[in-house]
Each structure stands twice: as C-alpha cells, then as structure tokens.
Amino acid sequence: MDRVDGPAKVTGAARYSAEINVPGTVYGVLKSSTIAKGRITNIDTTAAAKEPGILNIFTHQNLPKPAKTPKQIEKWRAAQSYLPMQDDQIQYAGQPVALVVAATLEAATQAAALIKVTYQADTPIDSYHDPKAELFDPQKIQQGKKDGHVVRGNPQQAFDGAAIRHEATYVHAINHHSPMEPAATLAVWEGADKLTVYEASQNVTMHQGNLAELLGMPREQIRVVTKYIGGGFGCKGSFWPHTILTVLAARAVNRPVKLVLTRPQMFTGVGHREDQEQTLKMGATADGKLVSIVHSKKATTSPWDNYTESNGKIMDMLYACPNYSTVYELARANVMTSVWMRAPGEAPGSFALESSMDDLAHQLNIDPLEIRLRNYADHDHSSGKPWSSKSLKQCYTRGAELFGWNKRNPKPGQTRRGNLLVGHGMASATYPVHSSQGTARVRLFADGHAVVEAGATDLGTGTYTVMTQVSADALGLPPEKIRFELGDTRLPTAPGSGGSVAAGTVASSIMAAAEDVWDKVVKMAVADKKSPLYKVKPTDVKVELGRMFLAKDPKKGETLLAALGRSGQPDIEGSGTGKYGAGYEEKNFGQNGADQNNDNKEKKSGGHSMHSFGAHFCEVEVDPDLGTVRITRWVGVHGVGTVLNLKTATSQMKGGAIYGIGAALMEDTFRDPNFARYTNADLAGYHIPVNADIPEIQVEFVPETDPYINYLGVKGIGELGMVGVAAAVGNAIFNATGRRMRSLPITPDKMLEALRLPA
Amino acid sequence: MSDQSTPAAPLNPDGSRRTFMKQAGGFLGLALAPPFLSQAERLTALSKKVEGVSTISLKVNGTVRAIRAEPRVTLLDALREYLDLTGSKKGCDHGQCGACTVLVDGRRVNSCLTLAIMTQGKEITTIEGLAKGDELHPMQAAFLKHDGFQCGYCTPGQILSAVACVQEGHAGSEAEVREWMSGNLCRCSAYPNITAAILEAKGQMG
C-alpha cells in the first residue's frame with residue numbers, strides 16, 4: 001500500500017510545524033554566542049532596535065523567567081538540563097544570547113545580526129582530547145538511568161589467558177542529525193493559562209510535560225501539535241532551549257511567535273552524537289570462539305550532564321561470550337549536551353565490535369561469516385534469557401546468497417576493477433525491543449467509516465500508513481474509510497517516535513481499542529433479537545476483519561456495522577492500552593517487573609530477551625590514487641517480526657543503510673580545538689550522502705513470528721537499519737586494501753595516509 | 001487568504017535605508033560583496049532604485065499575485081510567509097540542500113537564493129501548481145508509487161528538480177539522474193527510490 005500521507009506530501013499540502021497559518025504571527029530569531037566560554041559584559045541593541053517592526057529584543061536581562069529551570073525539575077525529560085539566557089554566563093558556542101521578535105522574518109534576522117554582544121572570553125575546553133580536559137568516571141550515564149559499569153564473569157582474567165588476543169581503539173567523529181526540516185516552534189498563547197505549541201517534535205507528550213513543568217502550568221492547559229515532521233533521527237525527541245525561549249517571548253509580546261532555527265543553529269541547538277573513542281579487547285580460543293570482551297569508552301559531555309551513548313549493550317549480547325565488561329569515562333567540555341542519534345550506542349558500538357570480529361576472522365584465516373557462526377548466541381548471554389525470536393542465521397544465509405558472498409576473494413588487496421581496488425565486507429545488526437506502552441481510541445461510525453486516534457508522531461517512517469492499515473483490518477473497513485489522527489496531546493497518550501517503539505506500540509494500542517469496540521458491539525448483538533448471534537455467549541464470539549461470528553460455527557455471524565446500524569447509535573467508541581516488549585510479555589505470560597528506560601530492570605523482567613537482528617553486505621571501490629571510497633553494492637537482510645507495510649519498511653531500511661554510510665564515509669562536525677566552535681556547521685561543510693553517492697540498495701526481510709513482544713509481533717526497525725553499517729563499509733575497505741580503518745569517517749585523507757603505509 | 005495577499009503582520013514603516021537595484025540580475029550577489037563595492041555603485045547609478053516596502057507582483061502557478069514586501073525578501077520567504085504557499089521548503093536558506101527548489105521560467109532554481117523582486121514578470125512554478133486539479137503530475141505519481149520519500153520535507157524540491165532534470169535531458173541513465181539530482185539532499189535517504197521514480201516518470205512526461 002502507498003503512503004496515506006503521500007498525496008499531501010507530493011502536492012505540498014502537508015503542513016509542517018512552521019507552516020501552520022496562525023493570524024497575527026510574528027517572527028522570532030535567535031542570536032547565538034560567538035564564544036564558547038565566558039560571560040556577557042554588554043549587549044548593545046541600539047542599531048538592532050532601529051529595524052522596522054521590532055516588537056522586542058530579549059536578552060538574559062529582560063526575558064521573563066520560567067517558573068522553574070530544568071535543574072529545578074525533578075522529572076526533567078530531556079538530555080540537556082541547562083537553559084541559556086538566565087544569566088550572563090556562556091557555556092558553549094552557539095548558545096542563545098538574544099531573541100529578536102519582529103513583524104517580518106527579514107527585520108528579525110537583520111536585527112539579530114546588528115545586536116552587538118561584548119564578551120569576556122575564557123579559554124574553553126573543546127573535547128576529551130583537550131589537554132585541559134579531565135576524564136572522570138560518571139558511575140551512571142544518561143541522567144542516572146544507565147549503569148556506567150557493567151561486568152559479567154571475569155573478563156580481564158579471561159582476556160589475559162586467551163589464546164588469541166586482539167585489542168584496538170576506534171574513533172567516532174561528532175555527527176549531527178541534520179533532518180531536512182529545521183527545528184521549529186510556533187507558540188500561540190490564548191490567554192494567560194492556555195498555550196498551543198506547534199513544535200517539530202518526535203514526542204508531543206514529552207514536549208507538553210516539560211513545558212508544563214517549566215511554566216508551572218497544568219499539562220492539559222498546554223497543547224503540543226506535530227502533524228508532519230521533516231525528519232528527526234533523535235534530535236527532535238528531546239527538549240531544547242529554543243522551544244521554551246520562544247514560548248516565553250510569545251507570552252511577553254502577546255502575539256503568536258514562530259521561531260525556526262537556522263541551519264547553522266541546527267548544529268548548536270539540538271544536540272549531536274558525541275565525539276568518542278572505544279577501546280575493545282577481545283580474547284578468543286585458537287579456533288575463534290570468544291572468551292572475553294573488555295570494552296571502554298571515552299567521550300565528551302557538556303558542563304552539566306552525563307549523557308553518553310551506551311555502546312556496550314551490543315557487545316554484551318550479540319555473541320556467545322562468557323566474560324564481558326564495559327566502562328565509560330567522560331570529560332566535560334564547552335559543548336551542549338549530546339543526545340541520542342539514530343541507533344544510539346548500537347551504531348558506534350557495532351563499528352568497534354564488528355570491525356574487531358573481522359580482524360579476528362582474518363587473523364585466523366576464516367570467513368567473516370564463519371567467525372560469526374562460531375560465536376552465534378543461542379540465547380542472550382547478557383541476561384541468560386532465551387530470545388523471543390532470532391533469525392540472524394537466516395539473515396546471514398539469505399544475505400550471502402543475494403550478495404554472492406561465496407565469490408569474495410578472502411585475500412585483501414587482490415581484486416581490481418581497472419585501477420580501483422574492490423572489496424567485500426559484511427557486519428551484523430541488532431537492536432533491542434524496548435518496553436513501551438500507549439493508548440489509542442477507535443470510533444466506529446455506523447455509516448461505515450472510523451476515526452482512530454493516538455498521540456504518536458510520524459517521522460516519515462510510515463506511522464500514518466501502517467496505523468491506517470492496522471485499523472482497517474481490525475474493523476473490516478477499506479483503508480480509505482479510516483482517518484488516523486496523530487501528533488496532538490489532545491489525543492490519547494502514545495509514545496514518541498524513538499527507540500523504534502512507535503510502530504509496535506501504537507499498533508498494539510489500536511488493537512486494544514478495537515477489541516474494546518468489538519466487545520461493546522458483541523454485547524449489543526447478543527442482546528438483539530435480529531442478530532444471528534442473539535443469546536450467544538459473548539465469550540463464544542470471535543471477531544475477524546470486522547465480522548463477529550460464533551467460534552464453533554463461523555457461518556453464524558454478522559458484521560460489526562450491521563449490528564451497530566440496527567442499534568440506532570451513530571457511532572461507538574472504544575479505547576485501549578497496548579504494551580510493547582517486556583511489559584506485554586509480563587501481562588500475557590505472567591512475568592514480573594518491567595521498567596521502561598532502565599536496561600537492568602528490563603533485562604530481568606519477562607521471560608525473553610527481545611531483539612531484532614540483521615546482516616549487511618557491501619561492496620566498495622577504493623581509488624588508490626585519490627583515497628576515495630565508493631559504495632557500489634549493498635544488501636541488507638533483517639528479521640524484524642511482522643512487517644506491517646513492506647514498502648515503507650523497505651524504504652526505512654534503505655534509509656538506515658544510507659544514514660550509516662554517511663557516518664562511515666563523510667559525516668564529521670569539526671570543533672576547533674582553540675575556540676571550541678564548529679567550523680563546518682552547515683550542509684555545505686557537513687557532508688551527508690547525496691544521490692550520486694548511493695547505489696541501488698537491496699533490502700529483504702526474513703519471515704519471523706514472535707508471540708512474546710506485542711499483539712501483532714512487530715519489532716522496531718528504525719534504528720536497526722543503521723547498526724553495523726559503518727563496520728560493513730570498513731570491512732569491505734579492509735578486503736579491498738588490506739588497511740584497517742578505525743577512525744570514522746573514512747575520508748580520502750585518512751584513506752590515502754593508510755595506503756601510504758605498508759599493509 | 002485572498003489573492004492579493006499581504007502578511008498579517010505590520011509592515012516595514014521605514015524603507016529608506018534599504019535599496020535594491022532592479023534588473024541587476026545575476027551580478028547582484030557579486031555586486032553586493034565588499035570587494036565589488038565600486039561596481040555596485042556603478043550598477044546602482046545605472047539602475048532604478050526600489051526602496052523599502054513596495055508592491056511585488058509574482059506570477060505563481062499561472063496566477064499573478066501581489067505582495068507588499070521589502071526588496072530583501074527572498075522568493076522562498078515570499079512564497080511561504082507572504083503567499084502562504086508552504087509547499088516550497090526551507091532546509092538551509094543557503095542554497096545547500098535544494099528543498100526550496102522551484103521552477104522559474106522552466107529552470108530549477110534555489111528560491112532561497114533568489115530575491116522575489118527579481119522574479120517579477122517570470123513564470124514561477126511551485127509544487128502546488130504541478131498537478132492538474134486532482135490529477136497528479138507523472139513525477140508526483142511516480143514518487144508516490146516508488147516511495148521516493150519518507151518525511152516528505154525535501155520532496156517538493158526533489159519533484160520540481162526532477163521535472164527540470166528530465167526536461168533538461170539529464171535523465172538519460174540511472175547514473176546521470178543521480179548526478180543531476182545531487183543538489184537535492186534527502187536525509188531520510190530515499191535516493192534509490194527517487195532515482196527509480198524519475199526514470200519511470202521520464203517516459204510519461206510529454
């Protein structure tokens with residue numbers, strides 16, 4: 001089925017958050033700090049104020065204060081806890097220092113440029129590399145939600161005693177999400193106690209909750225709306241300063257204020273994937289069986305928060321390894337807090353793990369697929385639990401077949417196409433099924449249409465489309481008779497789009513709500529003399545595709561609509577809460593203790609470990625004279641439970657591979673070591689893949705049924721497609737050149753340098 | 001909004017400090033850069049000056065519409081903020097991403113790098129003007145069929161760029177399409193599907 005939101009998107013009718021036409025809207029523009037550390041000594045707005053139609057110029061001196069700052073909020077739900085423009089302090093380059101509100105965008109933009117800010121600059125710390133930086137042990141990471149130390153078995157001893165020892169350090173550059181739609185806030189106050197915010201949000205409930213805390217208002221007085229979102233990849237799933245600054249400014253000028261970050265501000269306004277390096281020690285037996293994984297990570301964090309991706313998760317569970325440990329070290333620098341970016345943890349973690357596995361295979365002279373099969377985990381060694389389902393072997397087999405893996409020359413540097421060196425590489429992918437839950441409402445009308453509602457969002461991943469399909473099947477209506485509404489806090493609370501939980505959770509919620517409708521209509525039918533189900537016990541009735549029937553005699557029954565029509569009621573409404581992951585299993589299989597956002601508890605809850613798996617295969621061509629790397633073929637095969645829509649799921653997996661190719665070959669935001677400022681903060685300087693960089697990408701799903709994870713057996717796919725991609729590229733480069741590239745992105749300068757040195 | 005649209009917000013009461021050299025054409029960008037100041041002065045002397053807010057008439061999708069705006073308003077902002085035609089997207093405002101691509105006299109341009117006032121008298125086609133009523137343009141239909149997008153934010157620019165790519169004769173092969181469509185970024189990375197859509201629509205465009 002084609003996307004239901006497709007016609008609106010190809011005709012320009014789809015309105016994104018900054019495109020909602022609210023009469024009287026004025027324009028907000030942020031001015032960003034040019035220094036990374038110090039204090040503001042003076043702000044001269046004289047010239048700026050002369051621009052036509054200026055309503056106000058806000059600085060830390062005159063911006064109304066929020067009721068609470070994030071630091072004062074116990075349940076602050078965002079990566080960054082620092083709110084700028086509360087005092088004269090500057091903590092990172094690009095930090096907002098003023099907000100101009102004017103009648104036109106042109107005047108606001110020009111005025112922001114004309115504001116003269118004088119600083120007393122201190123020497124900033126740019127990263128964990130900085131000699132001034134001090135690495136520390138955070139004990140817990142991600143606002144205390146995750147352990148900074150994980151140990152299983154006796155990893156160091158096992159490593160020391162291993163027949164084969166491999167140790168390597170992997171570097172990952174700063175990456176920026178860079179969705180095509182910049183972050184945007186349109187704040188509309190309707191009186192002092194009622195606020196509507198059109199926000200580019202992956203999670204309207206999160207935005208609503210944080211705004212309620214910051215403003216000291218009841219949640220229900222704040223409505224957050226996101227009907228269409230132009231990509232997010234994580235950055236729009238957290239709360240950033242521009243949103244509350246716009247809301248405060250709008251209240252002060254008593255007009256709706258629209259503020260859109262400029263593209264350079266997108267590099268200093270909505271987080272990033274942090275600069276980091278991982279050291280991975282692997283011990284194995286002489287025949288390549290892992291006995292120990294010792295992992296450590298160093299990364300940069302902000303002056304206030306201990307955010308870092310948990311890279312270790314994937315190392316703990318992907319292979320059958322009895323001993324494992326990970327530890328994180330962070331250094332505070334003058335940067336904003338980093339945040340989850342597509343496949344947080346798994347993406348850089350898999351680069352280290354799957355590159356080292358490739359080395360191990362080469363060292364032992366066995367095929368990269370074979371080393372993975374020798375270490376295949378038949379259960380999750382991190383928790384000791386069986387898998388709810390796992391089709392990784394099938395993914396390997398099918399991927400190898402589609403790619404022609406058996407034609408690969410195992411000897412590096414031997415295959416040429418003209419002057420170009422050709423190489424083949426592969427890597428595994430996995431991503432957990434996190435716990436989540438959400439609510440949906442289904443309203444079935446007697447005239448044969450339905451409205452289905454859940455406060456979820458559609459990043460472009462297909463939420464509108466798949467939920468329409470699920471609803472149509474549940475109610476026995478054609479998809480065009482379903483109107484699925486999302487992206488509004490007035491709708492039942494659903495999870496945001498993040499951590500790959502949306503599809504499975506919202507679909508399950510809709511099924512629960514549909515069941516509620518079924519139950520109500522069945523009760524009507526069994527009490528209705530005109531119904532073929534009159535006086536039948538409700539528990540003997542089944543419902544499929546909108547038809548109720550006697551389970552023992554399926555011919556005896558009628559449609560939901562027939563019974564509803566006779567009742568004279570115009571419509572009937574049901575609601576329900578769906579669970580995803582461990583919570584679903586707990587409810588349905590009688591296990592205990594799920595807790596969202598807590599890895600350790602999640603591990604202990606339920607009876608099964610829940611993950612999606614996949615495998616990537618790629619071919620590269622390396623130009624030995626220029627150091628350029630081109631991807632020439634790509635195959636991805638994944639096991640993700642039920643695929644709700646093959647077309648949108650395939651597109652998402654292709655997109656995941658390409659997102660990973662960006663991180664592998666080109667994405668690198670460079671922070672100047674002296675000034676801690678980004679030097680390439682725009683789309684000309686920060687390279688993301690363009691059409692000419694990308695070959696045809698082949699994606700397949702292997703059939704997989706999983707009864708434990710949720711009502712429909714759906715696993716998330718958004719993150720999975722990117723996991724292992726950078727390693728597959730690096731492994732193919734090794735096969736092409738005999739050079740192991742351990743620093744991302746693998747740009748021509750690094751490649752040439754490696755080629756100059758002996759293999 | 002009415003055809004003779006003006007923004008709801010109050011307009012510039014003081015236009016005296018901003019001027020614009022009408023018909024400065026492609027030299028404008030260079031002319032405004034400091035090293036070329038003397039050339040700018042020369043051009044200014046030869047050109048009619050437009051100062052402050054004036055009436056700008058734009059022929060968009062076959063209909064002439066007038067806005068009251070300053071000469072510094074870009075075509076993209078004129079479309080989005082003054083005419084409420086929000087199909088053209090702002091991704092970078094610097095000509096780096098292609099989301100704002102529209103057709104001006106049949107040529108694809110980055111509307112964020114084009115001043116609205118310079119496009120008076122020209123035929124501007126935006127995504128809103130591509131379909132004939134309910135009948136999608138073959139390129140729109142092909143993007144739907146091949147799933148040439150996810151979030152849809154780059155899509156209007158991709159589609160207009162694609163229409164021009166075909167009309168320019170730059171859609172001869174898959175490789176050619178990829179090269180000539182590389183000015184339009186897609187972060188969801190629908191590139192393989194976009195390429196497939198263009199190659200199919202090519203055959204259906206008259």
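In this predicted model, helices α17(A) and α18(A) are oblique to each other. Helix α17 spans residues 646–665 of chain A, and helix α18 spans residues 725–737 of chain A. The two pack at an angle of about 55°. Angles from 65 to 115 degrees would count as roughly perpendicular and those under 35 as roughly parallel, so this pair falls under oblique. The axes lie 8 Å apart. The crossing is right-handed.

On the α17(A) side, the contact is made by A657(A), G660(A), I661(A), A663(A), A664(A) and L665(A). These residues meet V725(A), A726(A), V729(A) and G730(A) in α18(A). By class, the contact of α17(A) with α18(A) has eight nonpolar and two polar residues. Charged residues are absent from the contact of α17(A) with α18(A).

Helix α17(A) also takes part in the contact between chains A and B. That contact takes 56 residues from chain A and 55 residues from chain B. On the chain A side, α1 (6–11), α3 (105–114) and α17 each supply at least two residues. Helix α17(A) gives the most, with eight residues. The side of chain A that touches chain B comprises 25 nonpolar, 19 polar and twelve charged residues.

Helix α9(A) covers residues 346–364. At 1.5 Å a residue, its 19 residues should span 27 Å. The end C-alpha atoms are 26 Å apart, which agrees with that expectation. Of the 19 residues of α9(A), 16 are buried, so the helix is largely enclosed by the rest of the structure. Just after α9(A), N365(A) takes a positive phi of about 60°.

Conventions:
Residues numbered from 1 in each chain as written. Chains lettered and ligands numbered in written order. Predicted model: local features only at pLDDT ≥ 70, side-chain atom pairs only at ≥ 80, totals over all residues. Helix = DSSP H or I, 4+ residues; strand = E, 2+ residues; numbered from the N terminus. Expected span 1.5 Å × (residues − 1). Buried ≥ 20, exposed ≤ 12 C-beta atoms within 10 Å, placed from the backbone. Axes fitted to C-alpha atoms, helices over the stretch in contact; angles between N-to-C directions. Parallel < 35°, antiparallel > 145°, perpendicular 65-115°, else oblique. Left-handed = near helix turned anticlockwise from the far one by under 90°. Contact = placed C-beta atoms within 7 Å. Nonpolar A, V, L, I, M, F, W, Y, C, P; charged D, E, K, R; others polar.
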